[in-house]
Amino acid sequence: MKRVGNTFLNRLVSRIDRVGPEELQNYLQHLVRERGFLETIFNTLQEGILVVNGKGKITYLNDSIHRLLGFGEEALARPVGQYLRDLDWPKLLKERQVVNREMEVFYPEHRILNFYHVPLAQKGLGSAVIFHDITGHAEETQERIESERLKAITLLAAGVAHELGNPLNSLHIHFQLIERDLRKLEAEGVEPILESVQVAQREISRLDTIITQFLRALRPGGSERRAEQVNEIVEESLNFLRPELEDRDILVETELAADLPPVEVDVTQLKQAFYNLVKNSIQAMPSGGILRVSTTRNDTHLLVAIADNGGGIDAETVARIFDPYFTTKQKGSGLGLFIVRRIIQQHGGELAIESEPGKGTTARIILPLTERRVRLLTAGEPAAPKGKLVDVEAEAVPMPEERRPRRRWRRARP
């Protein structure tokens with residue numbers, strides 16, 4: 001097949017010996033305009049385009065390269081291996097290999113890119129490299145995988161809940177019979193036994209509630225939401241776990257914003273999320289420590305922070321902490337944080353875990369406000385430039401000084 005080149009350039013080359021200086025100048029201006037037109041087209045593409053010569057040096061790149069990979073014109077005439085180090089460039093260029101693969105980059109943003117390398121038609125001219133951002137597609141794939149995992153976990157949980165429900169009901173009935181018989185007795189020492197039986201009954205009821213909440217958290221929908229004060233839910237959750245906190249000699253500090261509006265939540269599910277996060281903090285401080293719980297808000301969201309000063313978590317573990325069945329505990333199920341995140345996501349919010357080994361862990365819950373503020377610009381404050389995207393969540397108004405008094409409590413040691 002005959003290769004078709006640049007027709008205009010071919011005509012110029014064929015008659016170069018007959019072209020006068022003035023005509024040659026016109027031809028060159030035409031070529032400059034043509035090149036500028038092509039560069040404009042390349043710079044409008046969302047795909048990043050990189051041209052590497054036979055010696056492995058960058059000879060051309062379009063604007064999207066800077067957006068996707070973080071470098072620009074300063075890279076021209078430099079070795080491509082200086083910027084893309086995971087590839088054997090000498091081998092690629094020598095053997096003129098066609099390569100199509102995916103790569104993960106972390107600067108200037110975390111992205112998944114499709115990397116396509118193809119040698120140029122004429123040997124010695126080098127190669128063209130095209131980068132296509134497939135982050136959205138990768139996220140959709142991950143969501144589908146997580147959805148399949150969730151279905152499997154839901155089926156497993158339903159079976160386990162059914163198998164646990166029957167013996168729990170049996171235990172509850174037998175404890176009721178024991179309680180009834182003990183009340184008929186008038187012997188000494190019955191009261192302590194009766195109290196123990198009642199404690200056992202309460203724990204059985206709590207287990208039944210936990211199983212029910214577990215299934216509700218996994219199954220989509222079905223939540224019963226109403227406008228509630230999150231501060232009250234936080235305090236009720238801490239009071240419920242107070243005996244365990246006191247037994248571990250954990251000092252609890254709370255700083256709850258006084259101006260929080262009601263938020264549409266499912267109280268039972270949100271309590272379950274708080275229980276799991278606080279219990280994780282308790283387990284991180286087996287010899288005592290400080291648990292700090294705070295609430296605040298900005299224009300669009302309400303934020304709850306639960307922080308401990310335990311041993312902390314390394315970066316590798318934090319990266320997998322929401323994976324189902326992943327756990328660092330000997331008897332852990334690996335579903336606690338998976339369920340907590342599921343609950344928060346069902347409320348339209350986000351859960352973030354920040355940790356540093358030796359310094360502790362902070363769990364941040366972000367919930368959307370039912371009614372969001374409209375923020376007016378103050379005098380002299382510049383408006384957002386036309387066409388520029390504004391991160392609304394980042395523009396938090398200053399928090400009022402008025403807060404509920406800090407509360408600290410710890411079990412009194414004899």
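Helices (H or I, at least four residues) and strands (E, at least two) are DSSP runs, numbered from the N terminus. The model is predicted, so local features need pLDDT of at least 70 and side-chain atom pairs count only at pLDDT 80 or more, while totals for chains, interfaces and linings use all residues. Residues are numbered from 1 along each chain as its sequence is written, and side-chain values use heavy atoms, with hydrogens and water left out.

**Exercise 1. Place Ala 75 in the chain and decide whether Ala 75 is buried or exposed.**

Step 1. Ala 75 lies in the loop between helix H3 (63-69) and helix H4 (89-95).

Step 2. Buried means under 20% relative accessible area, exposed over 50%, and partly exposed in between (1.4 Å probe, protein chains only). With a relative accessible area of 0%, Ala 75 is therefore buried.

Step 3. Contact means heavy atoms within 4.5 Å. Apart from neighbours within four places in sequence, Ala 75 is in contact with Ile 58, Leu 61 and Tyr 83. The C-alpha atoms of Ala 75 and Leu 61 are separated by 8.7 Å, and these two residues are 14 residues apart along the chain.

**Exercise 2. Treat Ile 313 and Thr 362 in the same manner.**

Step 1. Ile 313 is in the loop between strand E10 (301-308) and helix H10 (315-320), whereas Thr 362 belongs to strand E12 (residues 360-368).

Step 2. Ile 313 has a relative accessible area of 21% and is therefore partly exposed. Thr 362, at 16% relative accessibility, counts as buried.

Step 3. Not counting residues up to four places away in sequence, Ile 313 touches Val 318, Ile 321, Ser 355, Glu 356, Pro 357 and Thr 361. From C-alpha to C-alpha, Ile 313 and Gly 358 are 8.1 Å apart, with their positions 45 residues apart in sequence. With that exclusion also applied to Thr 362, its contacts are Ala 305, Ile 306, Ala 307, Ala 352, Ile 353 and Glu 354.

**Exercise 3. Describe how helix H7 packs on helix H9.**

Step 1. Axes are lines fitted to C-alpha atoms, for helices over the stretch in contact, and angles run from 0 to 180 degrees between N-to-C directions. The axes of H7 (residues 230-240) and H9 (residues 267-284) come within 9 Å and cross at roughly 50 degrees.

Step 2. Angles under 35 degrees count as roughly parallel, over 145 as roughly antiparallel, 65 to 115 as roughly perpendicular, and the rest as oblique. H7 and H9 are therefore oblique to each other.

Step 3. H7 residues including Val 230, Ile 233 and Phe 240 meet H9 residues including Val 267, Phe 274 and Val 278. The residues of this contact divide into 10 nonpolar, 1 polar and 2 charged (Ala, Val, Leu, Ile, Met, Phe, Trp, Tyr, Cys and Pro count as nonpolar, Asp, Glu, Lys and Arg as charged, and the others, Gly among them, as polar).

**Exercise 4. Describe the contact of H9 with H11, then the cover of H11.**

Step 1. The axes of H9 and H11 (residues 336-346) come within 9 Å, crossing at roughly 145 degrees.

Step 2. Among the H9 residues in the contact are Gln 269, Ala 273 and Asn 280, and among those of H11 are Leu 337, Val 340 and Ile 344. By class, the contact has 8 nonpolar, 6 polar and no charged residues.

Step 3. H11 is mostly covered, with 9 of its 11 residues buried. The buried residues include Arg 341 and Arg 342. Gly 348 follows H11 and has a positive phi, near 80 degrees.
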